[in-house]
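Please read the following points beside the coordinates; they concern packing, cysteines and one part of the surface.

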Amino acid sequence: MGAAEPVVERESERREEEEEGNERKEEGGDVDKGEVLGVQEKVIDSSNFDVNNQFGGSHVAMMQRLNPTNPLRIVIGGSSRMPTPSPSQTSLPRSAPIRQPSQTTLNSRRYTNKISLFLFVFHMVAAVGLVSFLIFKGIQGLIEASESFKRKERRILKFYLPQVETASLLSITLAFVWQKAVRQWPRIMVPFILWSSFILSLSAGILLICFQRASTDGVGVCLIAFAIGNGLYACWVTQRIGFCTEILIKSLEPVPKFGDLNQPTYWMLGVGFLWMSLWILAVIGAMNFYFTPLVITVLVLSLAWTAEVMRNIVNLTVSRVIALYYLRGMQSIPQNCFQRAFTQNLGSACLGSLFVPTIEALRVVVRGLNLLEGEDEFMFSCAHCCLNVMQSIFRYGNSWAFVQVATYGKGFVQASQDTWQLFVRQGMESIVDSDITSSICFLTGVCSGSICVIVVAAWTARVHQTFTATLSLLSFFIGYLMTRIAMAVPHACVSCYYVCYAENPSNILFDKTIQDHQRMMADRGVAAATPRVPRRFSAAEA
């Protein structure tokens with residue numbers, strides 16, 4: 001009974017404390033969390049003490065040496081092993097949550113780049129008005145004009161419209177064929193596209209020259225010149241094909257997880273085909289209107305901007321789906337991402353559609369100047385000037401920005417700056433600058449355009465050779481634009497892989513492909529450094 005008496009006393013003390021707590025709660029007073037935790041600790045300690053009493057008095061003596069401020073700290077020689085907590089620490093409730101740092105929201109509802117969005121909407125309203133007016137003038141010419149004018153209109157409709165519509169349907173078919181082939185056999189398709197664009201553009205140019213007309217000869221010479229540059233570029237980037245292929249294969253791995261990821265591409269190509277049909281009718285109407293060259297130039301620029309916006313809408317949709325998969329492990333619905341790209345992020349797509357083509361063209365010029373940099377002092381200065389300009393442009397506008405625009409809802413310029421800072425932080429500038437994925441997508445469009453030129457030129461030369469040059473240019477333009485819309489899917493996947501890796505390199509979804517390539521590039525730079533100085537300067541130093 002001697003051992004049981006302390007237990008009875010502690011049980012009575014526990015009941016009294018619980019009754020006092022209940023009375024406070026009934027009186028409307030708030031019970032302090034620290035007091036509740038203290039009661040719970042005392043109950044636990046008393047129960048543990050009761051169990052230990054069953055095994056002898058030695059355990060009782062050990063439990064009596066517990067520190068009164070913290071029962072888990074044993075007092076040895078009048079002092080505890082752990083320091084006594086300060087009053088400020090003991091006054092804090094133990095259940096207080098730790099405040100986590102705020103993260104960038106993934107569900108921003110604000111519209112990005114509103115000025116660009118307004119300009120694009122205004123442009124579309126004006127374009128729809130101009131196209132409608134030119135179609136009306138063409139129909140009016142067929143009904144109310146003189147017989148000679150009517151014959152001219154009918155001849156244009158007979159020998160223009162079928163070829164252009166055929167080029168549109170052929171380009172859509174080629175777009176899906178190229179995209180499917182790149183997704184299924186990337187290791188084969190990357191070198192195949194590089195050399196097919198050279199062969200097809202050269203064949204189209206030779207075919208046009210064979211017609212022996214001044215207009216077709218001019219277009220043919222341009223295609224042959226492009227083919228020569230294309231061949232030199234293919235030889236130049238041969239060493240990059242292996243790494244580009246590895247990144248493309250790795251970045252396309254999440255695509256089968258989203259069965260309807262291509263649905264935005266279907267919508268954009270369908271809308272593009274309808275708009276292209278109306279646009280062709282407007283071009284035909286402009287041929288019998290005032291200021292024909294100026295009107296057709298305006299229509300071509302309008303179509304180019306519209307097609308780029310449609311391509312970047314697909315880019316934003318795919319970028320959000322893939323980026324959320326990499327960064328958060330989420331499997332988003334592509335339809336919801338498409339609605340977001342078509343509404344909140346449309347302004348960024350419009351602004352990027354103006355920046356990115358210009359940037360890509362300047363990159364080609366800068367790389368060409370870099371090859372000639374060591375020849376003379378003038379080219380040396382020009383190359384460095386262009387390099388400085390390109391660094392500024394990349395800082396405020398680059399194609400990688402669409403990933404952060406789609407993921408975090410940032411503006412295009414802010415997303416460009418943040419993305420490039422990520423690359424600089426991870427030391428990836430040289431890797432992303434030497435990436436040839438955008439060039440592969442561009443050359444795929446060239447392949448489709450060249451195939452359309454070969455088909456339409458051969459057809460038109462048989463029925464009405466006078467229109468061969470004009471229809472060849474139109475068919476190349478249509479084939480290129482339609483294919484670029486479809487190729488936005490693999491391009492967006494590769495961009496997401498680079499940007500998401502730069503944001504979180506330790507993600508388990510990424511392998512060591514980029515790290516190994518960085519290490520290899522560093523070893524090459526140390527082993528065989530190539531000084532970018534003119535020859536006369538190096539000779540003078542020697």
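1. A residue is called exposed when its relative accessible area is over 50%, buried when that area is under 20%, and partly exposed in between. These terms are applied here to a predicted model.

2. By that cut-off F118, which has a relative accessible area of 58%, is exposed because this value is over 50%. F118 is found in helix 5, which spans residues 114–144, and together with I115, L119 and F122 the F118 side chain makes a nonpolar surface patch of about 500 Å².

3. In the interior, the largest nonpolar core comprises 117 residues, and those with the most contacts inside it are I322, F423, Y498 and I514. Helix 11, running over residues 292–328, gives the most to this core, contributing 18 residues. Apart from this core there is another, made of eight residues, including A204, V219, L223 and A469.

4. As for the surroundings of F423, once residues up to four places away in sequence are set aside, F423 touches W400, M428, E429, V432, Y498, V499 and A502.

5. How many disulfides does a search of the whole structure find? The search returns zero. C500 is in no disulfide, and the nearest cysteine sulfur, which belongs to C496, is 5.3 Å away, whereas a disulfide would need the two sulfur atoms within 2.5 Å.

6. Are C500 and C235 buried or exposed, or do they fall in between? C500 has a relative accessible area of 1% and is therefore buried, being under 20%, while C235, at 48%, is partly exposed because this value lies between the two cut-offs.

Conventions. Residues numbered from 1 in each chain as written. Predicted model: local features only at pLDDT ≥ 70, side-chain atom pairs only at ≥ 80, totals over all residues. Heavy atoms only, no water. Core = buried A, V, L, I, M, F, W, Y, C linked by side-chain atoms within 4.5 Å. Buried < 20%, exposed > 50% of the residue type's maximum accessible area, 1.4 Å probe, protein only. Helix = DSSP H or I, 4+ residues; strand = E, 2+ residues; numbered from the N terminus. Contact = heavy atoms within 4.5 Å. Patch = residues over 30% accessible without salt bridge, like charges linked within 9 Å, V, L, I, M, F, W, Y side chains within 5 Å. Areas by Shrake-Rupley, 256 points an atom, 1.4 Å probe, with all protein chains shown as cover. Salt bridge = Lys/Arg side-chain N within 4 Å of Asp/Glu carboxyl O.
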